[in-house]
Each structure stands twice: as C-alpha cells, then as structure tokens.
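Thanks for coming. I have one model to go through this morning, so please look at the screen.

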There are 2 protein chains.
Amino acid sequence: MDGTIVDSQQDSLQKKLKKILEPTPGVLAPCPIRDILDRLSDKWSALSIFHLGDAGTLRFNELRKRVDGISQRMLTVTLRNLERDGLVNRRMYPEIPPRVEYELTALGHSFLRQLIELGEWAAHHSDPIMKARERYAAREQEAVPGKW
Amino acid sequence: MDGTIVDSQQDSLQKKLKKILEPTPGVLAPCPIRDILDRLSDKWSALSIFHLGDAGTLRFNELRKRVDGISQRMLTVTLRNLERDGLVNRRMYPEIPPRVEYELTALGHSFLRQLIELGEWAAHHSDPIMKARERYAAREQEAVPGKW
DNA sequence: CGGTATCCGTACGGATACTG
DNA sequence: CAGTATCCGTACGGATACCG
C-alpha cells in the first residue's frame, strides 16, 4: 500500500542514500549534510528563516518581536550564522540611530522551500507520530508496573 | 532567473508559511515542526535513519558499527526516541545471547525521503555555502586588522 | 537601535563500569 | 549481545549590563 506507488524510484532512492553515506568524498564530511543539519539543529535558525521568508525584509528588532521568545543574543548569533552560510543578507545603514535590515538571499529562499516541505511533512504526519507516542507511553506503563 | 520558474506556486508557498507560523493551532505548538526539528537536531538521529534506510534491518551492534563514532549510550537513546515517534521498529528475540533488530517503519521511510531531499539540497548547494563562508571569513579579516 | 561582553545554569553527549 | 547506571566535561543558550 506504500511500497507499490514507487517502483523505479526505489533504486534511485537507494543510490542517493549510498551517495550520502559514502565516507570521505560524500556529502557528510566536508560541508553539506552535517552543516545543514546544524542549521536545523540550533534552536532558532529555522524559525528565523520562516519569519524572514514570510515578512520579506525585517529590521533586527522587528524580527525579534516575531520570533517569539528569542533573546537578543541568540538572534544576533543566529543571524550571523545564517549570514555566514549565505542564507541571509544583512544590510546596515550608517544612520543614527542605526538601522539594520535582514532578508533571505536566493539561497535562503531555496532553503526555505526545503523547510516548508519538512513542515508540510510534519504537519501531515503529526497524527501517526502522536499516536505512536501514546502507544509507547502505554507500553512503558505496563512494562514497569512498580513505577506506579 | 530564479523567481520566474515559480509563478502561482509563490502564493501557495506564502500560504503554507502562514499556516506554519500561525500561533496556537499551527504546526509549531503541539507536535509537528518543533518535534521534527528536534529529531533532526540531535546528533545521531538523521544518520541512524540514513543507515537503517540503507541497510534495511540491522542488529544493535551492526548499526553501531555503521554509525561512525556513536557511543553505545547514544545509540540506545537515539533508537528509543525514534521508536517512540514511530519511525523505527524494534524487534527483540528472547534468545541467549539476546538479539534485537531495528528497521524503519513505513513512517520512518517516509521521513527518510524528506531527509534525502534535504541531503540532495545540501549536496547541490554546498558550493555556494562554502563560498559564502570564505567571503564571510575574508570580510572578518579586513574588519579586524589588529587581530592579525 | 542594534549590537557586545560577561556570567552562569542546564542539557546533551562521551567514557567507563556493570548486568541479564 | 544489548543494554543500564553513573559520572563528568563541554557547549548551548538565557539574563543582565554595557556601548557606539
């Protein structure tokens, strides 16, 4: 029911996997996957990218208000990382008081599309995930009866 | 050059973004995105999924050998999380010595496809990212001349 | 306004030893 | 073999204070 819709694509997937997993010249070692995952792993990158993609161009404190709960420090750090990786553009205007605007680069928008895909997947599969957790929790209960 | 291939898809993207970013009933609060990102954020989940997807079914120590550098503890923790979320299936055989086999569930394979997409994106865009970093590093040099 | 600099608690993950 | 238990260092991120 799930393995029949894909046919020749299966091989393709396996090949892609092989390529990702191959040791030295692969996608893991130098920059690619590990780095991209790092951008996803820190607490605020994805959220910042979402908001920049949504709003277009934002000043530092405008973005700060939108990314709920982020500290000034972490917004700075996050934006620096994104800028460093070429996902975000930083434009500073030599005025007083200073004005700094951030926006996604073309690369950033490209990455945003991947994030949205991920978000869509998550939204679409949130139900089975939640169910799985409930089942897991239930099994934990019966496995350790003395706990309760 | 990059904004012309997508036309009516642009609105669609924006709408998806809105949906992802909307506060309470959105994708962020309950389970979805935040949780999925959590799976991506820990150090070993993605890699473990890749290897399970590549190999099919693996015993604990087989997987351990493949996931280079992972400790016994972290493999256990990682697999528990993945099992909890319904991405990995754990099958235990009551033998001596014990044998435990892990494999991706249908949901896990579905997620793997997303990971591969991400990997492909990363591989495909690793060049501009690396270049961006070099530029950033170069700008740092000139900005802080006293450092050198 | 848009940052740095500093301090500090916590959570993640590694190493090691032990167990059914 | 496949874990669990324990200890322990580090890195991530929050709070606060200060600066151009």
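A polar contact here is a pair of N or O atoms within 3.5 Å; within protein, one must be able to donate a hydrogen and the other to accept it, and residues adjacent in sequence count only if both atoms are side-chain atoms. Under that rule, a polar side-chain atom of Tyr102(A) sits 2.6 Å from a phosphate oxygen of DNA strand C.

Some housekeeping before the rest. This is a predicted model, where local features need pLDDT of at least 70, side-chain atom pairs count only at pLDDT 80 or more, and totals for chains, interfaces and linings use all residues. Residues are numbered from 1 along each chain as its sequence is written, chains are lettered from A and ligands numbered from 1 in the order in which they are written, and side-chain values use heavy atoms, with hydrogens and water left out.

Staying with strand C, two arginines of chain A also reach phosphate oxygens. For Arg59(A) the distance from a polar side-chain atom is 2.9 Å, and for Arg80(A) it is 3.0 Å. Elements giving two or more residues to this surface are helix H4 (60-66), H5 and strand S3 (99-104) of chain A, together with H5 of chain B. Helices (H or I, at least four residues) and strands (E, at least two) are DSSP runs, numbered from the N terminus. H5(A) gives the largest share, 4 residues.

How many residues surround DNA strand C? There are 20, and the closest are Gln72(A), Arg90(A), Tyr102(A), Arg73(B) and Met74(B). Near means that one heavy atom of the residue lies within 4 Å of the molecule or strand. By class, the residues near strand C are 8 nonpolar, 4 polar and 8 charged. In that scheme Ala, Val, Leu, Ile, Met, Phe, Trp, Tyr, Cys and Pro count as nonpolar, Asp, Glu, Lys and Arg as charged, and the others, Gly among them, as polar. Of the strand C atoms within 4 Å of the protein, 61% belong to sugar or phosphate and the rest to bases.

Now DNA strand D. It is surrounded by 20 residues, and Arg73(A), Met74(A), Gln72(B), Arg90(B) and Tyr102(B) are the closest. Here 59% of the strand atoms within 4 Å of the protein are sugar or phosphate, and the rest belong to bases. One contact goes to a base: a polar side-chain atom of Arg73(A) lies 2.6 Å from a base nitrogen of strand D. On the phosphate side, Tyr102(B) places a polar side-chain atom 2.6 Å from an oxygen, while Asn61(B) uses a polar backbone atom at 3.0 Å. H5(B) supplies the largest share of the surface near strand D, 4 residues.

How are the two protein chains related? Chain A can be laid on chain B with an RMSD of 0.1 Å by a turn of 180° and a shift of 0.0 Å along the axis. That is the relation of a two-fold axis. Copies are superposed by least squares on the C-alpha atoms of residues with pLDDT of at least 70 in both. Ser41(A) is the residue of chain A that comes closest to the axis, with its C-alpha at 1.8 Å. The same surface serves both copies, as 100% of the contact residues of chain A recur in chain B (contact means heavy atoms within 4.5 Å).

One backbone detail. The peptide bond from Ile96(A) to Pro97(A) is cis, with omega near 0°, and Pro97(A) lies in the loop between strand S2 (88-93) and S3 of chain A. In chain B the bond from Ile96(B) to Pro97(B) is cis too, with omega near 0°.

That leaves a topic for another day, the cavities. I am happy to go back to any residue on the screen.
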